[in-house]
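Work through the following exercises with the sequence and the 3D structure at hand, and try each task before reading its solution.

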Amino acid sequence: MQPLKTGVAYHGNRMPHHAREDFLDMARNHMNLIVHMFSHTDWDRHKNVMRDLVHMSQDMGLEVWVDNWGLAGPPGDKSHFLAYYPDAHVIYSNGEMDPVRTCWRSPDFRRFTHEWIDTVDYLGARTIFWDEPHLPVKTVGEQTFYGCACPRCRKLFAEKYGYEMPLIADANVEEFRINSILDYFADVTAYSASKGLQNAVCVMLGATHGINLATIDRLCSLPMVDNIGSDPYWLGHKGVNPYQFVYEGARKNLEVSQRFDKDHNIWIQTYGTPRGREEEIIAATEAAYDAGARTIIAWGYYGSESNDYHAENTELVRARTNEAYARIWNMERDRILAENRVKFCTHKF
């Protein structure tokens, strides 16, 4: 069984003197993993500061993952890449342009991603965290239109299937869209692996964005994807039991990752926590652990205080997150101790 890893997503601060205190706080509270956002803005304005933060994190004993935050658009920032390559916008099947999302099949975006990977290598991190790749849809009235149906995608689709892309997605369209993501990730994960970097991916649990637990097998089959995860966030689901929701979601994820002999990552929601529901963080974290997860990460540090979507009571969320991690670390230590006693203890009390 892999060693226990617990950590947080960290973004919103690029001031090293403040970050040092945050990293110390993590190390003192049962965390050994940090996921740093590295957006286009970070790349342009904070590259060397980010290198310092990565090294500082490592000095505190934190394993560092770097998140491709907003490079292709949401989740995360709007894609700044599109300011330089406007022909790379996602176009929906009804002809509307998505103002912030990038087409996975853009060759310019592939080249841009390779340059970003080169910079991650320069930062000194050894794992890239590819954050929630998905395929957008747009609902207008009762009709749902899909992306991407840009001229490039339309041409490639017609060449492969022998007819024009339809207005409403059919089975071939869905296959083509999935292959758009798979082709992109086959390329970029192979490139990052050539730099000696590991590749971790997180996918959504929902069934409307192309890559999710229904189609995760195909992403797992990519040889340079090392780690597959998901984010069973319960707060947006009315009336669910947090423990049950996270346990079931984590089990589904682990079943797939184990089948393909991949590592895993399971996310615990600490952002957006309503006042009075902070205790659910403990139940959710224990559920992930009980399901077998051993890489458990919270989004995000201090209840995502630096973002507008932060928890209502960030101090209490921080306290509950720290308590949740302390509890599962104690469980893990007790488990290891029990195993050692069975193996090596011959004295009869």
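**Exercise 1.** Determine which helix holds Ile181, and decide whether Ile181 counts as buried or exposed.

*Solution.* Ile181 lies in helix α6, which covers residues 171-194; helices here are DSSP runs of H or I with at least four residues, strands are runs of E with at least two, and both are numbered from the N terminus. The relative accessibility of Ile181 is 0%, and therefore Ile181 counts as buried, a term that means under 20% relative accessible area, with exposed meaning over 50% and partly exposed in between (1.4 Å probe, protein chains only).

This is a predicted model, in which local features need pLDDT of at least 70 and side-chain atom pairs count only at pLDDT 80 or more, while totals for chains, interfaces and linings use all residues. Residues are numbered from 1 along each chain as its sequence is written, and side-chain values use heavy atoms, with hydrogens and water left out.

**Exercise 2.** Find how far apart the C-alpha atoms of Ile181 and Leu254 are.

*Solution.* Along the chain, Ile181 and Leu254 are 73 residues apart, and in space their C-alpha atoms are separated by 22 Å.

**Exercise 3.** Describe the protein as a whole, beginning with how many helices and strands the protein has.

*Solution.* The protein has 10 helices and 12 strands, and 52% of its 349 residues count as buried. Among contacts (heavy atoms within 4.5 Å) with a separation of 6 or more, 74% join residues 24 or more positions apart. Along the principal axes, the C-alpha atoms fill a box of roughly 75 × 40 × 40 Å.
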